[in-house]
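User: I am new to this structure and would like to go through it by question and answer. Please explain each term as it comes up.

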Amino acid sequence: MTTHRISIVEARRIAVRAQLLGGERPAGLLETVRHLALLQIDPTAAIAPTADLVAWSRLGAGGYAPSELVGALQRRELIELAATVRPAEDLALYTAEMALRRDDAPGAFKYRRHPEWMRANDACRKDILARLTAEGPLPSRAIPDTCAMPWASTGWTNDQNVIRLLDLMAACGEVAVAGRQGRDRLWDLAGRVYPDHPPVPAEEVVRLRGERRLRALGVARAKTTEVPIEPWGVGDVGEPAVVEGVKGVWRVDPAQLERLGEPFEGRAALLSPFDRLIHDRKRTLELFGFDYGLEMYKPAAKRRWGYYALPILVGDRLVGKLDATADRKQRVLRINAVHEDEPFDAETRAAVDKEIEDLATWQALEIQRS
């Protein structure tokens, strides 16, 4: 297969188009999620939950309301799976893996301690299934903790026995998130929640997931750092390419290669810190020359850009970070700072200001600048 040679500008434009951040916005929420493969769920909502921020940044204030995501999940057009929102039909790419975990197949769990801990707490597992059968859907706090062995962790999950057991049962396809009560997940039997689609054979799953991931990223490494939730690498799908000025071989979506001759139309966008355009920080630095990290876990004095700074995209360049906070009690979007990686010209400043206004409109807040 021919190894393509593409410029750094072409690589950036492929990435931006693939993430639906070009000038032409997608038609709606379902189209957006089906193309992106997922919306990540994160509880931090300094401005808005990340799933909503990602949808808004593609669809705009006039094209998206959070109630649409709630409705799509209630109708089971979208499902919640392992801290992501995914198209319901894509569950078929995970059910074979779930079955392997239920069968305790070798290597089905990434960490050996998970099935061992579940076996030690099998009585609690059976209690959960019986309670959900009779009363579900239920929040985790409504389920008694009858675990014989507590969950041990050096982090935030220490002694969160019921929550950890539910997560592992979900990984086995026994239970599923049926909805939300505020921020609390509501759990039910998986058979009541998931669509009855035949599973994709395990030997096809890796390729199909890689193809979906590459379609959403446009250009990516075959292998890179392992991360939870959704990998950054795409395997050997797509076509090989060398990017000008960047070491190594990349994989590129053939559909994006076909679009390289088209005029590129960009726009301004404010991105969630968990947005897939910038989620792989090394790729972001390689392709965009953009230095970024989420700083909410740092002491305030050590933050460069802010607690929950939003990367700013203009056209095919990442140009700065917006430090803002949604103060819903005061009904204001507080703009603490707009960090310009390079001084904005008048056109860039106007485009960024317009996007900030759109964010405030979407949140029904008044802009307050520091």
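**Cysteines, a helix residue and a pocket**

User: How many disulfides does the structure hold?
Analyst: The structure holds 0 disulfides, a disulfide being a pair of cysteine sulfur atoms within 2.5 Å. This is a predicted model, in which local features need pLDDT of at least 70 and side-chain atom pairs count only at pLDDT 80 or more, while totals for chains, interfaces and linings use all residues. Residues are numbered from 1 along each chain as its sequence is written, and side-chain values use heavy atoms, leaving out hydrogens and water. The number of disulfides is therefore given for a predicted model, and that number is 0.

User: Why is cysteine 124 not bonded to the closest cysteine sulfur, and in which residue is that sulfur?
Analyst: Cysteine 124 is buried at a relative accessible area of 1%, where buried means under 20%, exposed over 50% and partly exposed in between, with a 1.4 Å probe and protein chains only. Its sulfur is too far for a bond, because 3.7 Å separates it from the closest cysteine sulfur, which belongs to cysteine 147.

User: With which side chain does the side chain of glutamine 363 make a polar contact?
Analyst: Glutamine 363 lies in helix H13, residues 346–363 (helices, H or I, of at least four residues, and strands, E, of at least two, are DSSP runs numbered from the N terminus). Glutamine 363 is buried, its relative accessible area being 15%. A polar contact is a pair of N or O atoms within 3.5 Å; within protein, one must be able to donate a hydrogen and the other to accept it, and residues adjacent in sequence count only if both atoms are side-chain atoms. At 3.0 Å, the partner of the glutamine 363 side chain is the side chain of arginine 328.
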